[in-house]
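Colleague: Please take me through one part of this model in detail. I would like to look at one loop residue, the strands around it and the pocket they help to line.

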Amino acid sequence: MRKLISTFTILFACIQLLAQNVGISNPSPTEKLQVDSGSIKIGRTVWNASTPPQFLKFGDFDYITMGEEEADDKLTIRAKELYIRPSFGYATVPLSIQGTNNYSHFYYGNNEDTYIRAGKTNGNVIINDVIGGRVGIGMGSPTRAGLEQNGVVGNNAAIFGGEGSGISLQRDWPAIGFNHWYNGTYNSISNGWAAQLALSQNDGSLYYTTFNDNVASGANNNLGTAYTHFIISRKGDAFLNGNLVLNNASTGVPLKIRSTYANSNGNNNSSGIRFETDLLTGSYLPWNITGAAYFYFFNNGNFRAAINSSDGSYSSISDRRYKKDITTIEDNAINKILSLRPVRYLMKEDSANSKMHIGFISQEVEQIFPELVATDKDVKMINYTGLIPILTKGIQEQQQQINILQKENQDLKMRLDKLEKMIQSK
């Protein structure tokens, strides 16, 4: 009976206790549970500042501590939504992860900006290094690339290297801006020149443009006059007709292609600009050069030849100052010339209605005048211009023979005249 009365007494006391506020270090609590000083600790052992095992601690001066310190310990927080909010009177929330000597930061700023920073100088911030994973910026479901960005600020989707000379991705055309971004005006990223590579949505052409003014960095700095250096137009364009247009107006040189490559034996066959086609098996289209201008050809820095595009005349260098080891062509050129076989022929790529060509066979000419035949990739070619001095030498030899015959003929005529006079006098 006494046990039953004791049980009811304890139960009644608990009911009374639940109906009242409980205070610890506070004789007049205003909350169901109110602790005014000290701390509340839940754990299996006493708090140890160096290696606490398991703990949940509130009111440790300015900190709330929760966690475990063992090597295999994990902390799980589950909720439908998880909020981390600034304290009353504060506009920022720094969330730090402590390393050995530094802190990595997830920071909510005064203007509700969010910062993610590495814990130290030259530290890396790695986002989604899972194989096959993607990162979306301004979009919910990236599917086209590992990093996919959507949305623009003004005319720019992104700017890289914004603290110095950098590049921008622009939605106008679209374009890549070098050392500038575009937002109605061209604004420089840093001091210096700028350029743009843009794809026209009007005609499908690719444009490369530079800006000639060296202005200070900053917004609303118009970069000045734009010079388009090359245009690659789409095929079939009514104006450009699918051509490559190059221009270097700032230097006054429409097109300059330079190569200084030479292999160890001084062979320059791989340097400069070269146009090739398979003459043995393939067909080719001719180069059509128009306009009243000279096209100059150089070798080893020296002028070698020029073509006048207005009348098609060809000139090659023949200045004594550029020549050495000068000797006269040996005699007997006329006999060698007589050994040449002029032929008519068709090229294998000629159509059925093509006209016959007149010329020589390179292999035959090489046996007589090897200096006039060049070989490139097993294809032999004749320097027809080089035949002019040889033909001139042949004409000179022939003229010498004619002069001798004329002298002999004149002598014979004089002798005949004398004989006729002698006969008449008798």
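Modeller: Start with the contacts of D113. Leaving aside neighbours within four places in sequence, D113 is in contact with Y107 and Y108. Keep in mind that this is a predicted model. D113 itself sits in the loop between β7 and β8. Is D113 buried, exposed or partly exposed? Its relative accessibility is 36%, so D113 counts as partly exposed; that class lies between the cut-offs of 20% and 50%. Now look at T92. T92 and D113 are 21 residues apart along the chain, and their C-alpha atoms are separated by 9.4 Å.

Next, the strands on either side of the loop. β7 and β8 run antiparallel, and four bridges join them. One position to find is Y107, which stands opposite Y115 in β8. Y107 is also one of the two residues that D113 contacts beyond its sequence neighbours.

Now widen the view to the sheet. What is the order of its strands? The order is β6-β7-β8, in an open sheet of three strands with antiparallel pairing. β6 and β8 are the edge strands, as each pairs on one side only. From one strand to the next, the twist averages 15°. As background, strands of a sheet pair through backbone hydrogen bonds, and they can do so in parallel or antiparallel fashion.

These strands also help to line a pocket. The second largest pocket has a volume of about 1,100 Å³. Which elements give two or more residues to its lining? They are β5 (63-68), β6 (93-98), β7 (103-108) and β8 (114-117). β6 gives the most, with six residues.

The lining of this second largest pocket has 28 residues. Nearest the pocket centre lie I64, I84, P94, L95 and S96. Find P94, L95 and S96 within β6, which covers 93-98. I64 falls within β5, at 63-68. What kinds of residue make up the lining? There are 18 nonpolar residues, eight polar and two charged.

Put the pieces together. D113 is in the loop between β7 and β8, and four bridges join those two strands. β6, β7 and β8 form the open sheet. Those strands, along with β5, each give two or more residues to the lining of the second largest pocket.

Key
Residues numbered from 1 in each chain as written. Predicted model: local features only at pLDDT ≥ 70, side-chain atom pairs only at ≥ 80, totals over all residues. Heavy atoms only, no water. 1 Å grid on protein atoms, 1.4 Å probe; cavity = no way out; pocket = protein on both sides within 12 Å on 5 of 7 lines; lining within 4 Å. Points joined across faces, edges and corners; volume = space filled by probe spheres on them. Nonpolar A, V, L, I, M, F, W, Y, C, P; charged D, E, K, R; others polar. Buried < 20%, exposed > 50% of the residue type's maximum accessible area, 1.4 Å probe, protein only. Contact = heavy atoms within 4.5 Å. Pairing = 2+ DSSP bridges. Axes fitted to C-alpha atoms, helices over the stretch in contact; angles between N-to-C directions.
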